Amino acid sequence: MAVDVIMPQMGESIFEGTITKWLKKAGDRVERDEPLFEISTDKVDAEIPAPSAGVLKEIKVTEGQTVPIQTVVAVIDAAGAAAAAPAAAPAPPPAPPETAPAPKATAAPPASAPAVPAPVAASAPVAPSPKAGGNGQKIRSSPLVRKIAKEHNVDLASMEGSGAGGRISKKDILAAVESGGAKPAVAAAAPAPSVAGPAASPAPPPAAGGAVAHPALENAVPRERIYFGNYEAQPMSAMRQRIAEHMVASKRVSPHVYSIDEADMTKIAKIRERSKAAFETKYGTKLTFMPFFVRACVEALRAFPTVNASADAATVVLHREINVGIAVALDWGLIVPVLKNAEEKNFLGLARGMNDLAERARAKKLKPEEVQESTFSITNPGVYGGLMGLPIINQPNVAILGIGAIQKRPMVIDDAIAVRSMVYLTLSYDHRVVDGAVAHQFVGKVKTLLEGWNEEIL
């Protein structure tokens, strides 16, 4: 019996996914719930388990392809009969299913005049209508698509989506932004060089995965200044492209301002040193410095609710719950899982919650809802030795705290020099919502709570 493997919906606002890696090949035996392939979506990377035991008979969607949800990506022979063995031999790739968009054309590295993608209906620059079109019909699109449309003044009501039921996909909106509503150039036309270069410029390598690059990722530097000498060109992964999109968008949307202070962590360092073994033995989770910082931030956010907010054009949303996004560095990128309702958790709850999210992030076991709805973010470059950093705001938050390395330094205490464990705290904030006075008071509150720590942890 043949069992179809479909592209799952990893959250109600997610309607497509990219297969980043097949963990099995055609002809391999698979067990039910055994990891079969890895996907990347707008929200999370995850391993998808096999829906049935048997033999992987056919792979229909190759690595790097982006397809809508419910697309059949593979077929498993659940009977696992001996007849399935010949399937191990490579077969010609089948035509993509009707619901799936055609594979995207391989893009060349950025040049002075990038080629324009296939025509996509786009409007003149007018304010987008995220919910309904001019004929009163509901526009089918994801929050990310509506956000990109709003940033680039693209009217979704005049677009035709390539997704199921006419849904406007991320690929559609990015192509519309790149085309700018103008007639596309002839594909065969060669772009004119912007500057005079050597007679024989190095041939640029093709990009892998066929991903449509966001306009923010286009490199304006002439290619002869990039591809020269002895080099290796590595195309960005889907995750790296999404990180780049979000970071560039954040810098464009939010006027970033920074407040920096330093806190004396000597008291907390001593508490942690004498308690970490007993804490792990008693509760089964490691005692790091992060729960101390999160607890201090939660109390500071209570005192200064403007920092625990989101901005949407001329509207400021003040959140009653405190959902802390905590950046986790992965070998293949960066992700920000969210500790929901941190204001309701005690110290142990914060420690367990953060450790669990970090472990599952590295194992690609996070759910889409676990990387959404943050109201404030924290990043910790100090764990890698960084003295301080100026982090980019994680949209739609209005602030993010950067934590530097905890280092022993000579400090003046009561007119005497003493060695103290110090840390730099950097708050990046959106000046549309948060003023400097509030930002400095917030960081000052965090500093005071850390230096005067009085909460029992055991």
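Two strands are said to pair if DSSP finds at least two bridges between them. With that criterion in hand, the tour below moves through a predicted model.

**First stop: strand β17.** Select residues 399-403, which form strand β17. Five of its five residues are buried. Ala-399, Leu-401 and Ile-403 point one way from the strand, whereas Ile-400 and Gly-402 point the other way. In a regular strand, side chains alternate between the two faces of the sheet.

**Second stop: the partners of β17.** Add residues 416-430, strand β19, which pairs with β17 in the antiparallel sense over five bridges. Here Leu-427 of β19 stands opposite Leu-401. Next, add strand β16, residues 376-379; its pairing with β17 is parallel and runs over three bridges. On this side, Ile-378 is the residue opposite Leu-401.

**Third stop: strands β1 and β8.** Select residues 2-6 for β1 and residues 72-77 for β8; these strands pair in the antiparallel sense over five bridges. Asp-4 has Val-75 of β8 as its bridge partner. Along β1 the side chains alternate: Val-3 and Val-5 point to one face and are buried, while Ala-2, Asp-4 and Ile-6 point to the other face and are not buried.

**Final stop: a charged surface patch.** Display Lys-267, Lys-270, Arg-274 and Lys-408, which gather in a patch of positive charge on the surface. Then highlight helix α4, residues 266-283, which gives the most to this patch, with three residues. Arg-274 lies in helix α4. Is Arg-274 buried or exposed? Arg-274 counts as exposed because its relative accessible area is 64%, and the cut-off for exposed is over 50%.

Notes
Residues are numbered from 1 along each chain as its sequence is written. This is a predicted model: local features need pLDDT of at least 70, side-chain atom pairs count only at pLDDT 80 or more; totals for chains, interfaces and linings use all residues. Side-chain values use heavy atoms; hydrogens and water are left out. Buried means under 20% relative accessible area, exposed over 50%, partly exposed in between (1.4 Å probe, protein chains only). Helices (H or I, at least four residues) and strands (E, at least two) are DSSP runs, numbered from the N terminus. Patches are made of residues with over 30% relative accessible area and no salt bridge: like charges are joined within 9 Å, nonpolar side chains (Val, Leu, Ile, Met, Phe, Trp, Tyr) within 5 Å. Accessible areas come from the Shrake-Rupley method with a 1.4 Å probe; for residues, only the protein chains shown count as cover. A salt bridge is a side-chain nitrogen of Lys or Arg within 4 Å of a carboxyl oxygen of Asp or Glu. Lys and Arg count as positive and Asp and Glu as negative; His and the chain ends are not counted. The place of a charge is taken as NZ of Lys, CZ of Arg, CG of Asp or CD of Glu.
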